[in-house]
Amino acid sequence: MNRFNWQRAVIKVGSALIAPEGNECSGRYLLSLARFITASRDAGKEIILVSSGSVAAGRSKVKIRHNASIAEKQAMAAIGQNLMMANWQRFFDFPCAQVLLTADDLRDRTRYVNIKNTLREILNHNALPIVNENDTVAVNELKVGDNDNLGAYTALVAQADTLIICSDIDGLFTADPRKDVNAALIPQVDKIDSTIYGLAGGAGTAVGTGGMRTKIEAADKCTSSGIQTLIVNGRKGETFDALLEGSVPGTLFTASSTPANARRLWLTHTLKTAGRIEVDNGAKEALVRKGASLLPSGIVDVVGLFEQGDAVEVVCQGEVIAKGLCLYNAKDLTLIKGKKSKEIASVLGYETTDVAIHRDDMALYS
C-alpha cells in the first residue's frame with residue numbers, strides 16, 4: 001500500500017453508505033468511519049465531512065408517486081437533512097455542525113470567504129463540520145450536482161491537504177470490477193489525463209448521482225491545487241484501520257503542485273465563466289512572462305454577453321491562458337478593444353480604468 005501524511009482532510013461519504021437501502025439512514029457502514037474520525041481528532045488532526053443522504057433519508061417520510069417533482073424532492077431533503085444529521089451525531093460525543101451550500105454560495109467571493117471562515121471557527125470550537133448541498137432551495141443552475149465535486153470544492157475552500165472519497169468500490173480500476181474479473185486496482189495516479197478519464201464508468205448505484213467520473217473530476221480539481229485525493233471503499237472496516245496507520249487501501253491521486261492561494265483557487269475552480277476575451281501574442285507575453293494586467297490594447301475580440309465583474313476566459317490563438325474578473329461589460333469592452341489607454345475615455349465618453357482585467361483578479365494557466 002501507498003503511504004500518506006495529512007493534517008486536515010475532507011471526507012466525502014455517499015448515499016450508498018449512509019442510506020444503503022435507499023429510503024432511510026443506517027449505521028451499517030458508518031461505525032468504522034466514525035471511529036476513524038474520533039481517533040484522528042484525538043491525534044490532533046482536523047476533519048470535515050461532506051455527507052450525502054438527505055433525500056434518501058427523507059424518502060420514507062414523504063409518500064410520493066414514483067417520479068417525484070422538484071418540490072417533492074426538496075421536501076424530502078428538508079425532512080431528511082435533520083434525520084441525516086441526527087444519524088451522524090449519535091456516533092460522537094462532540095457536536096456536529098450543519099453547513100448547507102449551493103453552487104451560488106461558492107461562486108460569490110464574499111460568501112466563499114465567509115464559508116472558509118465559518119469552517120475554520122467550527123474546527124476551532126472542536127465541532128465536526130458536516131457539509132451538504134442545500135437541496136431544499138437549489139435549482140439546476142444553482143446546484144453543484146454531485147457530492148464528489150462538492151467534496152472537492154469544500155477541500156479547496158477549507159484549504160485542506162487531503163480529500164478522501166469513500167465509495168462502495170475499492171478505488172480506480174483498469175476496468176469495471178463488477179463486470180470484468182481481470183480488472184486490477186490502480187494504487188497510484190500521478191497525472192490525470194484522458195486515459196484516466198477513460199477508465200470512468202457510470203453511476204454505481206440507484207441511490208447516488210456520482211459515478212467514477214465525478215470522483216476523477218473531484219481528484220482533478222484537488223490534485224491540481226496541491227490537495228492529495230484518495231478513493232477508498234467505505235463499506236470495509238479495514239479501510240479505516242489502514243488509513244489510521246497512514247496507508248492507502250485504494251487509489252491515491254498525488255498532488256501535482258503546492259497549494260495555490262485561496263483567491264486563485266476560487267477563480268480557477270469555482271467561478272462560472274460568462275464569456276471569452278481573445279488577445280494577441282504581445283498581451284499573452286505580458287500576462288504570462290511579466291505578470292502584467294490585461295489592457296484593452298491587447299484585445300482582438302470579445303465573445304459573450306458578460307457584465308462588469310463577471311469571470312471570463314482569456315484566449316490566445318485557441319489556447320486558454322487565464323481566467324479573471326473583467327472590469328468592463330462586453331459591450332464597452334468591444335468598443336475599446338485594441339485601443340490605447342489614452343483613447344478609452346473619448347471612445348466611451350467617461351473616465352474609467354485603463355485595465356480590462358487586473359492581475360490580482362486573474363489566474364494564469366500557462
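Begin the tour at G211: select this residue, which lies in the loop between helix 8 (194-198) and helix 9 (212-223). The model on display is a predicted one. Is G211 buried or exposed? With a relative accessibility of 9%, G211 counts as buried, because the term applies to values under 20%.

**The annotated residues around G211**

Next, extend the selection to the positions that UniProt, in an unreviewed entry, marks as "binding site": K12, S167, D168, T209, G210, G211, M212, R213, T214 and K215. Move along this list to K215, which is found in helix 9. K215 also counts as buried, at 6% relative accessibility.

**A further set of annotated residues**

Clear the selection and choose S52, D135 and N147. The UniProt record, again an unreviewed entry, gives the annotation "binding site" to these residues as well. Centre the view on N147, whose place is in helix 7 (residues 147-157). How large is the relative accessible area of N147? The value is 10%, so N147 is buried.

**The second largest pocket**

Now select T38, R41, D42, G44, K45, E46, I47, D93, F94, L123, N126 and A127, the residues that line the second largest pocket. The volume of this pocket is about 170 Å³. Empty space of this kind is revealed by rolling a probe the size of a water molecule over the atoms.

Which elements each supply at least two residues of this lining? They are helix 2 (31-42) and strand 3 (46-51). Colour helix 2 in particular, for it gives the most to the lining of the second largest pocket, with three residues. If the lining is then coloured by residue type, it divides into four nonpolar, three polar and five charged residues.

**The five-stranded sheet**

Leave the pocket and display strands 11 to 15. Five strands form an open sheet here, in the order 12-11-13-14-15, and their pairing is mixed. Strand 12 (299-303) and strand 15 (362-364) stand at the edges; each has a single partner strand, so one side of each is left without a neighbour in the sheet. Looking across the sheet, one finds neighbouring strands turned by 25 degrees against each other on average, with direction ignored. In general, the strands of a sheet pair through backbone hydrogen bonds, either parallel or antiparallel.

Select strand 13 (residues 311-316) together with strand 14. These strands pair in the antiparallel sense over six bridges. Label V315 and V320: V315 stands opposite V320 in strand 14. Then follow the chain into the hairpin of strand 13 and strand 14, which has two residues between the strands. In this hairpin, Q317 takes a positive phi near 50 degrees.

Proceed to the other side of strand 14 (residues 319-325), where the pairing with strand 15 is antiparallel over three bridges. Which residue of strand 15 stands opposite K323? The residue is A363. Label A322 too, and find its bridge partner in strand 15, L364.

Finish with strand 14 alone and consider how much of it is covered. How many of its seven residues are buried? Five are buried, and strand 14 is thus described as mostly covered.

Technical notes:
Residues numbered from 1 in each chain as written. Predicted model: local features only at pLDDT ≥ 70, side-chain atom pairs only at ≥ 80, totals over all residues. Heavy atoms only, no water. 1 Å grid on protein atoms, 1.4 Å probe; cavity = no way out; pocket = protein on both sides within 12 Å on 5 of 7 lines; lining within 4 Å. Points joined across faces, edges and corners; volume = space filled by probe spheres on them. Helix = DSSP H or I, 4+ residues; strand = E, 2+ residues; numbered from the N terminus. Nonpolar A, V, L, I, M, F, W, Y, C, P; charged D, E, K, R; others polar. Pairing = 2+ DSSP bridges. Axes fitted to C-alpha atoms, helices over the stretch in contact; angles between N-to-C directions. UniProt positions renumbered as here; feature names shortened; annotations may be inferred. Buried < 20%, exposed > 50% of the residue type's maximum accessible area, 1.4 Å probe, protein only.
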